[in-house]
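User: I would like a close look at one part of this protein, the place where two of its helices pack together, and then at what surrounds that place. Please keep it plain and stay with what the model shows.

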Amino acid sequence: MNQNPIPYIDEDLQALQESARRFADERVKPGFLERDQTRVLDRALLREMGEMGFICPELPEEFGGLGLGTVAAGVIHEEIARADLSFSYLNLLASLNGQILSKYGNPEVVGPWLKKLIAGEAICAIALTEPRGGSDAANLRLKIDRDGDHYVINGEKTSISAADQADIAVVFGRTGTPEDKAHGVTALMVPMNSPGITTNRFDCHGQRAIGRGSIFFENVRVPVSHRLGDENKGFVQVMHGFDFSRALIGLQVLAVARVALEETWEYITQREAFGQPLSSFQGVTHPLAQFDTEVEGARLLCYQGLWLKDRGLPHTAEAGMAKWWGPKLAYDVIHQC
């Protein structure tokens with residue numbers, strides 16, 4: 001009998017969840033502080049996670065995935081995030097970019113990279129945000145010009161997760177005019193060792209192992225075969241995959257909130273004041289009980305979005321709500337705890 005309170009998680013997914021939690025507790029959690037302090041990402045651990053089938057389990061078997069659906073990705077993502085929020089970005093980036101590459105890329109070009117992503121042998125960044133307009137596609141200024149069988153890229157992306165560690169990046173730039181706004185944007189898969197690419201790195205609390213920084217492009221040449229989707233329609237087409245990642249982000253941060261709540265409940269049952277455990281005081285327990293309720297509700301919303309996606313049903317609204325509610329709630333929970 002399935003004892004999991006999330007109705008979208010059946011017995012098979014519950015077994016996957018338990019396996020992912022063991023891996024997270026035994027392999028990911030012990031190195032969390034060291035990775036955070038040294039800012040060094042453990043590539044061997046990433047490959048180990050790939051060997052376990054914990055990266056992009058939703059992708060079809062033809063690309064090296066398990067074809068288990070996006071709820072399975074959420075189950076794994078949640079458990080890895082419980083152990084190390086920064087390391088779990090690797091699951092998030094792989095799933096988001098894996099969806100984009102598999103749906104919009106030339107199979108001969110993206111196929112080998114997808115297999116590397118799933119095996120934990122490569123990292124893919126997504127380069128959308130810019131200094132001037134954030135992630136607003138209507139204001140993108142990075143320029144992509146056509147030159148025969150190549151595109152030439154010039155400009156800057158900033159606040160990019162894994163900017164200095166990625167092997168490839170999904171890059172959005174302007175091939176049309178500024179007046180075209182979001183309809184003049186093209187997406188490319190760009191190898192990060194291409195001549196003309198340089199990066200820097202920020203020091204971001206909670207994200208130090210994966211890192212975040214800027215990517216600079218100076219006359220970077222990429223074959224036309226590396227385009228993702230149609231020219232001038234890259235943002236409009238590819239952004240559909242972001243709904244999936246928004247639900248994953250919700251589960252990612254809520255996992256941290258759940259750990260904070262669990263640790264706080266344990267603490268207040270052990271710590272005493274006025275001869276009684278803190279848990280006997282309603283002023284202490286009521287806020288925690290409220291947050292327990294809200295966190296479970298937010299988790300349900302995230303899984304509902306993934307469940308809908310697996311069935312080919314509209315899920316944009318659920319994903320948007322999960323992306324807004326999850327981080328806000330996690331922030332409030334952690335500060336209260």
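Analyst: The answer starts at a helix pair, follows one ring contact away from that pair, and then moves through the loops and the interior.

The model is predicted. The part in question is the meeting of helix α4, residues 70–83, with helix α9, residues 282–310. Two packed helices are described by the angle between their axes and the distance between the axes. Here the axes come within 8 Å and cross at roughly 145°. On the α4 side the contact is made by Thr70, Val71, Gly74, Val75 and Glu78. Their partners in α9 are Arg299, Tyr303, Leu306, Trp307, Lys309 and Asp310. By residue type, the contact of α4 with α9 divides into five nonpolar, two polar and four charged.

Trp307 of this contact also takes part in a ring pair. A search of the whole structure finds three aromatic pairs. In one of them, tyrosine 8 and tryptophan 307 lie 5.7 Å centre to centre with 45° between the planes, a tilted arrangement. Tyrosine 8 belongs to the segment before α1 (11–28) and tryptophan 307 to helix α9, so this pair ties together parts that are 299 residues apart in sequence. Neither ring is buried: tyrosine 8 counts as partly exposed at 22% relative accessibility, and tryptophan 307 counts as partly exposed at 29%.

A second ring pair joins phenylalanine 23 and phenylalanine 54. Their centres are 5.6 Å apart and their planes stand at 65°, so the pair is edge-to-face. Phenylalanine 23 sits in helix α1 and phenylalanine 54 in the loop between α3 (43–51) and α4, 31 residues apart. Both rings are shielded: phenylalanine 23 is buried with a relative accessible area of 5%, and phenylalanine 54 counts as buried at 2%.

The loop between α3 and α4 also holds cysteine 56. Most residues other than glycine have a negative phi, and most peptide bonds are trans. Cysteine 56 has a positive phi of about 50° although it is not a glycine. Cysteine 56 is buried, with a relative accessible area of 2%. Another residue with a positive phi is alanine 162, near 65°, again not a glycine. Alanine 162 is found in the loop between β3 (150–161) and β4 (168–174) and counts as buried at 0% relative accessibility.

Charges placed over rings occur elsewhere in the chain. The charged end of lysine 116 sits over the ring of tryptophan 113, 4.8 Å from the ring centre. Arginine 146 lies over the face of tyrosine 151, at 5.5 Å from the ring centre.

In the interior, the largest nonpolar core has 103 residues. The residues with the most contacts inside this core are Phe87, Leu101, Ile153, Phe172, Val190, Phe217 and Leu228. Helix α8, residues 242–270, supplies the largest share of the core, eleven residues.

Three further positions can be set side by side. Glycine 98 lies in helix α5, residues 85–104, and is buried with a relative accessible area of 0%. Not counting residues up to four places away in sequence, glycine 98 touches Leu59, Leu93 and Leu114. Glycine 98 and lysine 29 are 69 residues apart in sequence, with 25 Å between their C-alpha atoms.

Alanine 209 lies in the loop between β6 and β7 (212–223) and counts as buried at 2% relative accessibility. With residues up to four places away in sequence left out, alanine 209 touches Arg35, Arg39, Leu41, Ser86, Gln165 and Arg201. The C-alpha atoms of alanine 209 and aspartate 84 are separated by 9.7 Å, although the two residues are 125 residues apart along the chain.

Proline 195 is in the loop between β5 (185–191) and β6 (197–199). At 69% relative accessibility, proline 195 counts as exposed. Leaving aside neighbours within four places in sequence, proline 195 is in contact with Asn219 and Val220. Proline 195 and glycine 176 are 19 residues apart in sequence and 24 Å apart in space, C-alpha to C-alpha.

To return to the part you asked about: α4 and α9 cross at roughly 145°, and tryptophan 307 of α9 pairs with tyrosine 8 in the segment before α1.

Notes: Residues numbered from 1 in each chain as written. Predicted model: local features only at pLDDT ≥ 70, side-chain atom pairs only at ≥ 80, totals over all residues. Heavy atoms only, no water. Axes fitted to C-alpha atoms, helices over the stretch in contact; angles between N-to-C directions. Helix = DSSP H or I, 4+ residues; strand = E, 2+ residues; numbered from the N terminus. Contact = heavy atoms within 4.5 Å. Nonpolar A, V, L, I, M, F, W, Y, C, P; charged D, E, K, R; others polar. Phe/Tyr/Trp six-rings, centres within 6.5 Å; stacked < 30°, edge-to-face > 60°. Buried < 20%, exposed > 50% of the residue type's maximum accessible area, 1.4 Å probe, protein only. Lys NZ or Arg CZ within 6 Å of the ring centre and 35° of its normal. Core = buried A, V, L, I, M, F, W, Y, C linked by side-chain atoms within 4.5 Å.
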